[in-house]
Amino acid sequence: MAEEEPKKVESETPPPAPAAEPVVSPKDVAEEKTVIPPPSVEEIPEESKALVDVEKAPEPESELEPVEEKKEGSVNRDSVLARVETQKRISLIRAWEESEKSKAENKSHKKLSGITSWENSQKAYVESQIKKYEEKLEKQKAEYVEKMKNKVALIHKEAEEKRAIIEAKKGKEILKAEEMAAKYRATGTAPKKVLGCF
């Protein structure tokens, strides 16, 4: 569609050149320059700008016209050309500015998405490390609990063995005391040892 528009503009007739006005003092010409508003960039397509550059000022109808009128046509032409150049420069600056802004946006978006993906990968790595350590700690805890249970069982076993030894000793001592008492009764003698606590 962009190619169709230039064809339309070229097919149109170029805008008419400013008509020669009656003799005006240079002071009036300066005032006219300040009064004429420059057309906006949107009103003048680039093809028509190029046509204005090539366009010549109209030839005076007679050579008898004063020199000031020729200067005025030249001044109008120069002011139009200057305006066209200014508008062209401004549009190029705007296009460059938009291009740079777009580049900056794309660059920052790319960097931000890179940072986001880096953050996500780092989070995933840290979470996997945490899970790994938790599993390791659970395993160590289970091993430690097992060791402690084994130690408690071993202590209980030793205590039972010591109890059994004491019970056996007690049984032997009771049996020995009964035998000695029976012997003393049979002989009628009294024991030589008296309990040390009395």
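Here are some notes on this predicted model, from the overall fold down to a few side chains.

1. Overall make-up. The chain has four helices and zero strands, so there is no sheet to look for, given that a strand would need a DSSP run of at least two residues. Going along the sequence, the pattern reads α-α-α-α.

2. Burial and surface. Of the 198 residues in the chain, 7% are buried. The accessible surface adds up to about 17700 Å², and carbon and sulfur atoms supply 60% of that.

3. Contacts. If you take the contacts with a separation of 6 or more, 84% of them join residues 24 or more positions apart.

4. Helix H4. This helix covers residues 67-187, and several of the side chains picked out below sit in it. UniProt, in an unreviewed entry, puts a "coiled-coil region" at residues 123-150. In the model that stretch is 100% helix and 0% strand, with 40 Å between the C-alpha atoms at its two ends. Bear in mind that such an annotation may be inferred rather than shown by experiment.

5. A nonpolar patch. Tyr125, Val126 and Ile130 together make a nonpolar surface patch of about 290 Å². Val126 belongs to helix H4. Why can Val126 be counted in a patch? Its relative accessible area is 43%, which makes it partly exposed, and patch residues need over 30%.

6. Salt bridges, to start with Lys101 and Glu97. The structure holds five salt bridges. In one of them, Lys101 pairs with Glu97, and the closest N and O atoms are 3.3 Å apart. The two are four residues apart in helix H4, so about one helical turn separates them. Both ends are partly exposed: Lys101 has 44% relative accessibility and Glu97 has 35%.

7. Lys103 and Glu100. Here the closest N and O atoms of the salt bridge are 3.6 Å apart. The spacing is three residues in helix H4, again about one helical turn. Glu100 is partly exposed, at 32% relative accessibility.

8. Glu119 and Lys123. These side chains form a salt bridge at 3.5 Å, N to O. Both are in helix H4, four residues apart, or about one turn of the helix. Glu119 is partly exposed at 35% relative accessible area, and so is Lys123 at 46%. Lys123 is also where the UniProt "coiled-coil region" begins, since that feature is placed at residues 123-150.

9. On the pairing itself. Side chains of opposite charge can pair when their charged atoms come close. For Lys101 and Glu97, that closest N to O distance is 3.3 Å, and a salt bridge counts as within 4 Å.

Note on methods. Residues numbered from 1 in each chain as written. Predicted model: local features only at pLDDT ≥ 70, side-chain atom pairs only at ≥ 80, totals over all residues. Heavy atoms only, no water. Patch = residues over 30% accessible without salt bridge, like charges linked within 9 Å, V, L, I, M, F, W, Y side chains within 5 Å. Areas by Shrake-Rupley, 256 points an atom, 1.4 Å probe, with all protein chains shown as cover. Buried < 20%, exposed > 50% of the residue type's maximum accessible area, 1.4 Å probe, protein only. Contact = heavy atoms within 4.5 Å.
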